[in-house]
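Here are some exercises to work through with the model open beside you. Try each task before reading its solution.

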Amino acid sequence: MTPFTEKVINIIKQIPEGKVMTYGQIARIAGSPRAARQVVRILHSMSKKYHLPWHRVINSRGKIAIKDQAAYQEQLLNLEAEGVEMGQQDCIDLEKYQWEPK
């Protein structure tokens, strides 16, 4: 496992219930600001193995980026169950729900 992948996994594991982070934000904190797509790949391939709260990761516009309707609904329901509200145009208010690790 690369050091970047390890950092990404550790960051995602820390996202608290009821909060979200963006792919780009995770990439930046992990040390590679232009690697948002790599964060997507890591989530896709390692979420189950590492029990990652994948549903807490969204795009920079505050939207769920998954195109598959069933997976989209699963992510939406998981976020709503944690108290994250969808606003206008299915957007999550990043000012309210985005988590910034210390």
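**Exercise 1. Find which helices each supply at least two residues of the lining of the largest pocket, then describe that lining.**

Keep in mind that this is a predicted model.

Step 1. Go through the helices: α3 (36-46) and α4 (69-81) each contribute at least two lining residues to the largest pocket. The largest share, three residues, is from α3.

Step 2. Look at the whole lining, which has 13 residues; L43, H44, S47, W54 and I66 lie nearest the centre of the pocket.

Step 3. Sort the lining by class: nine residues are nonpolar, three are polar and one is charged. The space in this pocket comes to about 460 Å³.

**Exercise 2. Describe the second largest pocket by its volume and its lining.**

Step 1. Start with the volume, which is about 160 Å³.

Step 2. Select the lining: Y23, G24, A36, R37, V40, N59, S60, R61 and A65.

Step 3. Assign these residues to elements. Both α2 (23-29) and α3 supply at least two of them, and α3 has the largest share with three residues.

Step 4. By class, the lining of the second largest pocket splits into four nonpolar, three polar and two charged residues.

**Exercise 3. Work out which residues of the largest nonpolar core touch the most other members, and which elements build that core.**

Step 1. Recall the background: nonpolar side chains in soluble globular proteins tend to be buried together.

Step 2. Here the largest nonpolar core holds 18 residues, and F4, V8, I12, I15, I26, V39 and V57 touch the most other members. Two or more residues of this core come from each of α1 (3-14), α2 and α3, with α1 giving the most, five residues.

Step 3. Take V57 as a close-up. Setting aside neighbours within four places in sequence, V57 contacts I12, I15, M21, T22, Y23, I26, L43 and Q75.

Step 4. Now look for a second core: a separate one of eleven residues has V20, L79, I92 and Y97 among its members.

**Exercise 4. Examine the positive phi values of Q89 and D90, and decide whether each residue is buried, partly exposed or exposed.**

Step 1. Note the usual case: most residues other than glycine have a negative phi.

Step 2. Q89 has a positive phi near 55°, and the phi of D90 is positive too, at about 55°. Q89 sits in the loop between α4 and α5 (94-97), as does D90.

Step 3. Check accessibility. Q89 has 65% relative accessibility, so it counts as exposed. D90, at 42%, is partly exposed.

**Exercise 5. Find the three salt bridges in the whole structure and say which parts of the chain each one links.**

Step 1. Pair E100 with R28: their closest N and O atoms are 3.8 Å apart. E100 belongs to the segment after α5 and R28 to helix α2, 72 residues apart. E100 is partly exposed at 42% relative accessibility, and R28 is partly exposed at 43%.

Step 2. Pair R56 with E82, where the closest N and O atoms are 2.7 Å apart. R56 is in the loop between α3 and β2 (57-58) and E82 in the loop between α4 and α5, so this pair ties together parts 26 residues apart in sequence. Both R56 and E82 are buried.

Step 3. Pair K96 with E85, at 3.9 Å from N to O. K96 is in helix α5 and E85 in the loop between α4 and α5, eleven residues apart. K96 is partly exposed, with a relative accessible area of 46%.

Methods
Residues are numbered from 1 along each chain as its sequence is written. This is a predicted model: local features need pLDDT of at least 70, side-chain atom pairs count only at pLDDT 80 or more; totals for chains, interfaces and linings use all residues. Side-chain values use heavy atoms; hydrogens and water are left out. On a 1 Å grid over the protein atoms alone, a cavity is a set of points where a 1.4 Å probe fits but cannot get out, and a pocket is an open set with protein on both sides within 12 Å along at least five of seven lines; lining residues have an atom within 4 Å of a point. Grid points are joined across faces, edges and corners, and a volume is the space filled by probe spheres set on the points. Helices (H or I, at least four residues) and strands (E, at least two) are DSSP runs, numbered from the N terminus. Ala, Val, Leu, Ile, Met, Phe, Trp, Tyr, Cys and Pro count as nonpolar, Asp, Glu, Lys and Arg as charged, and the others, Gly among them, as polar. A nonpolar core is a set of buried Ala, Val, Leu, Ile, Met, Phe, Trp, Tyr and Cys residues joined through side-chain atoms within 4.5 Å. Buried means under 20% relative accessible area, exposed over 50%, partly exposed in between (1.4 Å probe, protein chains only). Contact means heavy atoms within 4.5 Å. A salt bridge is a side-chain nitrogen of Lys or Arg within 4 Å of a carboxyl oxygen of Asp or Glu.
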